[in-house]
Amino acid sequence: MPAPAPISAAPKGRPRLPSLTGLRFLAALMVFFFHTGLSNSPIPPNRPINPFADEGVAHAYEWLFVKAGYLGVSFFFVLSGFVLAWAAKPGERTTAFLRRRLMKIFPNHLVVWVLAMLLFAGAMAPTAGWLSNLFLLHTFFPQPEINLSVNPPTWSLGSELLFYLAFPLIIGPVRRIAERRLWFWSALMVAGTIAVQLVSTYLVPATPKSAITPVSDTQFWFGYLFPPGRLFEFVLGMLLARIVLAGRWPRALGVLPSLALTAAGYAAAWYVPFQYSFVAATIVPIGALISAVAVTDVEGRGGWLRSRVMVFLGEISFGFYLCQGIAIFWLRSLFEDTRFSTPTGFLVILGFLAVTLLGGWLLHTFVEQPAMRRWSRSRRRVTLPVPRPAAEDAPGAGREPVHAPPAAR
């Protein structure tokens, strides 16, 4: 999951988008339900995560959420492009942008990386796995023991890191696209997500089959984990931000129609070939939902998504996502193959949720926020010149330079 961009810190004149912050938590929750329903853990020896002893309940729970993780991650990639384009400040230095974004993801990542290495990954991750994971380069490797090493949820941060590095290069061309052609370029990005899966299906080796998916490890890597293939979602988000800012989002496609479209896309994900359920089946509904919710904030319409509780949950959603590798995968491994009665199974899932929420809050409060306050901006003092008085002997002549106040830095 991408680290949340500062939605509340939009440039002057652009409305804040608190509803998207609240919606972000619901997407993270979809990933949580996906993870708790897995019949094969991404951590060797790949024991089931699903806690239910009743096979019917276990199958129903897994079936209901088996596509939810793909939906949630794709949502975050589109949202990342949307919010970064929305909050982009003309003339901002690339170094300032990158410093702020890297400080948003790396402190949380490093803390969870150390915990994962101490608890389980240190005994099983190859050197190439833990080292590349440390620098978020692991998803450029096709081997599953590398690209899903240490803390498996961090695979998405490899894509997010690429997005941040590419954003300063992409934002200029995106800004120069004529408003009348924004929809055309958005359609090209949607087509790009389909093209990635066509390449994966017909040009990437289909054998040997993966131990945990219906396709080969190489196909799963190229179609889902490989960062360049996820750029289409990110750029689509940037284009949609421009469409909303230009007032070109169709009023008929509001929140309720977008929710219905999302439900239809989610249902379609069960019927399309496996690789096309990653992104292609849901990319249009995701883009519609993000844009429609943003429009409600632009127009100042209230809603429960922008409530204090939902905004708080959205703010801790990055830590909530990162903790799932430990709070779900590792904790579940302590029970080995134990399955539980249906009521107890749901209590186990609630326990996972409580631990994950606590971990997300701790990361946000004691790691992410302090790191952002301390290191996200340069602390160099900016010296502003003092205008010379009209006369050399005027009052104030010869004073020391005035330093910019903190708010101006």
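## Exercises on a predicted model

Pro 45 sits in the loop between α1 and α2. Keep in mind that this is a predicted model; the exercises below start from that loop and work outwards.

**Exercise 1. Find the peptide bond leading into Pro 45 and work out its state, cis or trans.**

Step 1: go to the bond from Pro 44 to Pro 45 and read omega, which is near 10°. Step 2: that makes the bond cis. Most peptide bonds are trans, so a cis one deserves a second look. Step 3: now try the bond from Thr 207 to Pro 208, where omega is near -5°; this bond is cis too. Pro 208 lies in the loop between α8 and α9.

**Exercise 2. Take Asn 46 and Leu 136: what is the sign of phi in each, and are they buried or exposed to some degree?**

Step 1: phi of Asn 46 is near 60°, a positive value in a residue that isn't glycine. Step 2: Leu 136 also has a positive phi, about 60°, and it isn't a glycine either. As background, most residues other than glycine have a negative phi. Step 3: place them. Asn 46 belongs to the loop between α1 and α2, while Leu 136 is in the loop between α5 (127-134) and α6 (144-147). Step 4: check the cover. Asn 46 has a relative accessible area of 26%, so it counts as partly exposed. Leu 136 comes out at 0%, which means buried, as the cut-off for that is under 20%.

**Exercise 3. Which parts of the chain does the salt bridge between Asp 337 and Arg 47 link?**

Step 1: confirm the pair. The side chains of Asp 337 and Arg 47 meet with an N to O distance of 3.5 Å, and the limit for a salt bridge is 4 Å. Step 2: locate both ends. Asp 337 is in the loop between α15 (324-333) and α16 (342-375), and Arg 47 is in the loop between α1 (18-36) and α2 (55-65). The two are 290 residues apart, so the pair links distant parts of the chain. Step 3: look at exposure. Asp 337 is exposed at 52% relative accessibility, whereas Arg 47 is partly exposed at 30%.

**Exercise 4. The count comes to 8 salt bridges; pick out Glu 92 with Arg 100, and Glu 299 with Arg 301, and describe them.**

Step 1: for Glu 92 and Arg 100, the closest N and O atoms are 2.7 Å apart. Glu 92 is partly exposed at 28%, but Arg 100 is buried at 17%. Step 2: for Glu 299 and Arg 301, the N to O distance is 2.7 Å. Here Glu 299 is partly exposed at 34%, and Arg 301 is partly exposed at 42%. Step 3: follow the shared partners, and Arg 251, Glu 299 and Arg 301 turn out to be joined into one network.

**Exercise 5. What lines the second largest cavity, and which helix gives the largest share?**

Step 1: the count is 2 cavities of 30 Å³ or more, and the second largest holds about 30 Å³ of space. Step 2: list some of the lining; among them are Thr 193, Val 196, Gln 197, Arg 230 and Glu 233. Step 3: sort the lining by class, which gives 2 nonpolar, 4 polar and 2 charged residues. Step 4: assign the elements. Helix α8 (residues 182-202) supplies the largest share, with 3 residues.

Notes. Residues numbered from 1 in each chain as written. Predicted model: local features only at pLDDT ≥ 70, side-chain atom pairs only at ≥ 80, totals over all residues. Heavy atoms only, no water. 1 Å grid on protein atoms, 1.4 Å probe; cavity = no way out; pocket = protein on both sides within 12 Å on 5 of 7 lines; lining within 4 Å. Points joined across faces, edges and corners; volume = space filled by probe spheres on them. Helix = DSSP H or I, 4+ residues; strand = E, 2+ residues; numbered from the N terminus. Nonpolar A, V, L, I, M, F, W, Y, C, P; charged D, E, K, R; others polar. Buried < 20%, exposed > 50% of the residue type's maximum accessible area, 1.4 Å probe, protein only.
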